[in-house]
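Q: Please take a close look at one part of this protein: a charged side chain, its partner and the strand that carries it. I should then like the account extended to the pairings and packing elsewhere in the chain.

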Amino acid sequence: RVSSMSQPLKYTGMSGLLAGQYLYIGGYSGSPFSPSPSFLIIFQGEGYYYSWNSSGMILSTRKNNNIVTMSGYIKPPNTKSSGLVAVLKNNSVRSFLIEGSSDIYLSDGVYYNGSIIVTGYFPQGGRGDLDVFVARLGLDGNLLGVKCYGSIDYPDVAKRLIVERDGFDVLGETWAYNVSQGDVLLLQVRDDLTLKDSWSIGGAGIDNGEDMGIASNGDYIITGYTVGGAGTQGFVVRMSRVGGLLWIRSYSSLGDTFLKRVYVDGGREKIYILGSGAFEEDRRDFFLLVMSEVSGWILNESRLEIVRAGPILDYTVDMSGYNLFIYHYGGVAVVDLNKSLAVSYEVEGIHINETSLLDDSVELPYYSKSLFGWRILRNVVSERQCPAIKVVEASPMLSILPVNRSSIELKRGEFKREFDLGLAIRRFLERNVPILLLI
């Protein structure tokens, strides 16, 4: 169904990608407290806006072999939550609900070898037990297979799906082997959806894996954050294929610090990590951390840039490949890191007219910290009973609307903070306390 917009579009993006002249943005309409799932395709000055009149969100936007998959969840009135997946192929859109005998929450999905692979989680019983599911759908919506994995009586959730040559990796969280704190969960799943191996990775805090990339030699690069006595710190873990903990660092800014996305450029042996933290008092910023693979398993921290946009202050940033997506109410700015270009796409409201990448690498030695006490456990989950699942088609409403596209300034320079006496004292002590202790 195609309609015209009779009132302003209250749209916010959460995930996106740029493919040629097409921009795909998944997110929600309405407020964060009452969201409705929707996504926007922008092409040649027009926006094709797809929406469902139910609660929910589009959380993931992925592309493989020229097929775009958007995944999230939807909750129609008086029914259970269902997984929602939209498949975009050759300018056509088909969307499906993954319904179950229990609530279904879809986290991620991607095209692979003629089918769509999705992952998420569901409640198992009534004691707070959650389990992971991995399912294969045909492009026509047929359910071709589903497997479920987890631990008994403890929550296990899926967040990210990585496609490999002979199967899939599922990154998530488990509470099974660290009862009062969560650990990172990593599943290796074969092409037939059977479980090949599983690990929990973590320490004494609540450790959340957010994203994962594959290094040039096949190692896993896992990013996320840990919550503990020292507040919230981001982390980067390098783990071998057989479960070896090869390299680990934490990252702390002046406040709570999160690492959200990772992109591994194997050709250039570069690793790009997107995070958020505090670099000035009373302000939070997104930042880009760049690493290099120098030799073997060693990662060298080479650059840290703070990402800012104006005149809007209320925005979020995500990353897909070399592109940063700066989302705000009613629009998005896309920064191409490879070409140092920025373009703003606006549906309504105030638009972004400048973006900045401000180099704060001189402070990187103070943000980067050693992280001790982490361990890896193997065979942490087993196959579990799946809920009764069926797939039904759920056609969205389509609205066509104009989109304002404009090139915007991308500034690069040194990050200059206002003088902070507390920070100056902190840096002096960090530099000199080891020397003072020896006197």
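**E305 and its surroundings**

A: E305 has a relative accessible area of 5%, so this residue is buried. The model under discussion is a predicted one. General chemistry offers a starting point: side chains of opposite charge can pair when their charged atoms come close. For E305 the partner is R412, and the closest N and O atoms of this salt bridge are 2.9 Å apart. E305 belongs to strand β25 (residues 298–310) and R412 to strand β37 (residues 409–414), so the bridge ties together parts that are 107 residues apart in sequence. The relative accessible area of R412 is 42%, which makes R412 partly exposed, whereas E305 is buried.

Strand β25 also leads to the nonpolar packing. The largest nonpolar core has 22 residues, and those touching the most other members are V307, Y315, V317, L324, I326, V335 and I352. At least two residues of this core come from each of β23 (270–280), β24 (283–295), β25, β26 (316–320), β27 (323–328) and β28 (331–336). Among the contributors, β24 gives the largest share, with 3 residues. The surroundings of V307 can be listed in detail. With residues up to four places away in sequence left out, V307 touches Y315, V317, L324 and I326, and its contacts also include D285, F286, F287, L288, S356 and L357. Separate from this core is a second one of 21 residues, which includes Y251, I271, I273 and L358.

The bridge between R412 and E305 belongs to a wider set, for 25 salt bridges are found in the whole structure. One of them joins R238 to D219, with N and O 3.0 Å apart. R238 is in strand β20 (residues 231–239), while D219 is in the loop between β18 (206–214) and β19 (220–228), so this pair connects parts 19 residues apart in sequence. R238, at 0% relative accessibility, counts as buried, and D219 is buried as well, with a relative accessible area of 7%. A network of salt bridges links R62, D108, R160 and D211.

Another pairing spans a longer stretch of sequence. The side chains of K390 and E99 form a salt bridge with an N to O distance of 3.8 Å. K390 is part of strand β34 and E99 of strand β9, so the pair ties together parts that are 291 residues apart in sequence. E99 has a relative accessible area of 23% and is therefore partly exposed. S101 sits in the loop between β9 (92–100) and β10 (105–112), and at 46% relative accessibility S101 counts as partly exposed. Apart from neighbours within four places in sequence, S101 contacts K80, P387 and A388.

The loop between β33 and β34 also takes part in a covalent link. The structure contains 1 disulfide, formed by C148 and C386 with their sulfur atoms 2.0 Å apart. C148 is in strand β13 (residues 143–150) and C386 in the loop between β33 (382–383) and β34 (389–393), so the disulfide joins parts that are 238 residues apart in sequence. The torsion about its S-S bond is about 125 degrees, so the disulfide is right-handed. C148 is buried at 0% relative accessibility, but C386, at 23%, is partly exposed.

Definitions and conventions. Residues are numbered from 1 along each chain as its sequence is written. This is a predicted model: local features need pLDDT of at least 70, side-chain atom pairs count only at pLDDT 80 or more; totals for chains, interfaces and linings use all residues. Side-chain values use heavy atoms; hydrogens and water are left out. A disulfide is a pair of cysteine sulfur atoms within 2.5 Å. Helices (H or I, at least four residues) and strands (E, at least two) are DSSP runs, numbered from the N terminus. Buried means under 20% relative accessible area, exposed over 50%, partly exposed in between (1.4 Å probe, protein chains only). Contact means heavy atoms within 4.5 Å. A salt bridge is a side-chain nitrogen of Lys or Arg within 4 Å of a carboxyl oxygen of Asp or Glu. A nonpolar core is a set of buried Ala, Val, Leu, Ile, Met, Phe, Trp, Tyr and Cys residues joined through side-chain atoms within 4.5 Å.
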